[in-house]
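Trainee: Got a minute to go through this one with me? I'd like to start with a few single residues and then look at a whole chain.

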Number of protein chains: 2
Amino acid sequence: MTTYGLLIFEDAEELDFGGPWEVFTMSAALRGGADTAVLIAEHHPGPVRCAKGLRVLPDHGLDDHPPLDVLLVPGGRGARKVQAHNPVVTGWVAAVAERASWVASVCTGAFVLHAAGPARGRRVATHWQHEEELEALGEVTVVRDARYVVDGKLLTSQGVSAGIDAALWLVGRLHGREHARAVRRQLQYEPAPPYLADEPL
Amino acid sequence: MTTYGLLIFEDAEELDFGGPWEVFTMSAALRGGADTAVLIAEHHPGPVRCAKGLRVLPDHGLDDHPPLDVLLVPGGRGARKVQAHNPVVTGWVAAVAERASWVASVCTGAFVLHAAGPARGRRVATHWQHEEELEALGEVTVVRDARYVVDGKLLTSQGVSAGIDAALWLVGRLHGREHARAVRRQLQYEPAPPYLADEPL
């Protein structure tokens, strides 16, 4: 039984949590629904408007959620510019991180984990555009050539889409390689990014 | 100016629309916000609960949305089992598809496009688990070895995560290769799926 908690806030980048959400919930479904994934909002109840305008309804607030095995913090403008400077959120992240088995971030969610503590003194990944800015904060080593970085129980990943790879790694670590492969097959995650070649449109 | 309309309904698979949503909205942002992406719900107003429990608020209903350049239909249980048999939705899809420049589906969204008409007599892709079921409906050729399939103005893709690749192809087709590359770079879409090798956990 694994409980995944995904933090959500105004201007969180949609795919930052949407990718891991799909991986975690598909993993839960393939395990017979034994696991749970919940969206936990910085403010609750009421809808949260994400960075690109998607409105989602959280399941819980900071003071009202089940104990978490995995905490995941997405990125986006709301992470770097707002929540990294919001002591209510960073205090909550610090407290939850202490008890969780795994703490993860996607993209600039790493800024929240740095402000809250779990990323201090650690090797981390973030969005390519913000690597220097994160490193300039000090007490952190930004790894520039890894899609995701595991340091102890901290799992950080590069920009936006990287959370899918990181989440898939995590469900494999938690529930085995064969399980992760089954999740991957169900999501048909066999990426084929277009325009890698320069060819006629 | 491109207006993307993403259909949404109960039990739509989250990443089926969440992946293309991120691609389309990031594309719009990089084009200075000239473009628009909207979620259009089968029922509106009120929240829509997706296949894995995520609750989203739609922007519009079937009778109240801007003219669409691109219509995208996600998959999930709600597509194959419910909306493909809902004449209100298939009628709406047929009418919108006639005027749109592009009609797209992800995963089992192809079943809705088949029921509504746009996929009849066409080459299409769908989730690997439902290829035979779709082909058995007749009047359709299921392409099993392509991540996404373009046939005229119809763009269909394989399961769940394949919508990201298809959407990225489409923004490149609409706005150029260099633009698609910029979107890809911003989403840091450089996939690195884990567990492709059999190695110690």
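Trainee: Where is N86(A) found in chain A?

Mentor: Keep in mind that this is a predicted model. Look at the two helices α2 (77–82) and α3 (87–99) of chain A. N86(A) is found in the loop between α2 and α3.

Trainee: Is N86(A) buried or exposed?

Mentor: The cut-off for buried is under 20% relative accessible area. N86(A) has 16%, so N86(A) is buried.

Trainee: Which side chain does the side chain of N86(A) join in a polar contact?

Mentor: Such a contact needs a pair of N or O atoms within 3.5 Å. Here the distance is 3.0 Å, and the partner is Q83(A).

Trainee: Over to T126(A): what is its relative accessible area?

Mentor: T126(A) lies in a loop of chain A, between β8 (122–124) and α5 (131–136). Despite the loop setting, T126(A) is buried. The relative accessible area of T126(A) is 0%.

Trainee: Which residue's backbone oxygen does the side chain of T126(A) reach?

Mentor: T126(A) touches several residues beyond four places in sequence, including F111(A), L134(A) and Q188(B). C107(A) is also one of them. At 2.9 Å, the backbone oxygen reached by the T126(A) side chain is that of C107(A).

Trainee: Now chain B. Why does Y148(B) count as buried?

Mentor: Y148(B) is found in strand β10 (residues 148–151) of chain B. Buried means under 20% relative accessible area. Y148(B) counts as buried because its relative accessibility is 19%.

Trainee: Which chain A residues is Y148(B) in contact with?

Mentor: Leave aside the neighbours within four places in sequence. Y148(B) then has contacts in chain B, among them L155(B), D165(B) and W169(B). From chain A, the partners are A192(A) and P194(A).

Trainee: How far apart in space are Y148(B) and G159(B), C-alpha to C-alpha?

Mentor: In sequence, Y148(B) and G159(B) are 11 residues apart. In space, their C-alpha atoms are apart by 9.6 Å.

Trainee: Zooming out, what radius of gyration does chain A have?

Mentor: Chain A has 201 residues, and a compact globule with that many would be near 17 Å. The value for chain A agrees with that. It is 16 Å.

Trainee: And what share of the residues in chain A is buried?

Mentor: Chain A contains seven helices and 11 strands. Of its contacts with a separation of 6 or more, 64% involve residues 24 or more positions apart. Of the 201 residues in chain A, the buried share is 63%.

Definitions and conventions: Residues numbered from 1 in each chain as written. Chains lettered and ligands numbered in written order. Predicted model: local features only at pLDDT ≥ 70, side-chain atom pairs only at ≥ 80, totals over all residues. Heavy atoms only, no water. Helix = DSSP H or I, 4+ residues; strand = E, 2+ residues; numbered from the N terminus. Rg over C-alpha atoms; globule rule 2.2 N^0.38 Å. Buried < 20%, exposed > 50% of the residue type's maximum accessible area, 1.4 Å probe, protein only. Contact = heavy atoms within 4.5 Å. Polar contact = N/O pair within 3.5 Å; in protein donor to acceptor, adjacent residues only side chain to side chain.
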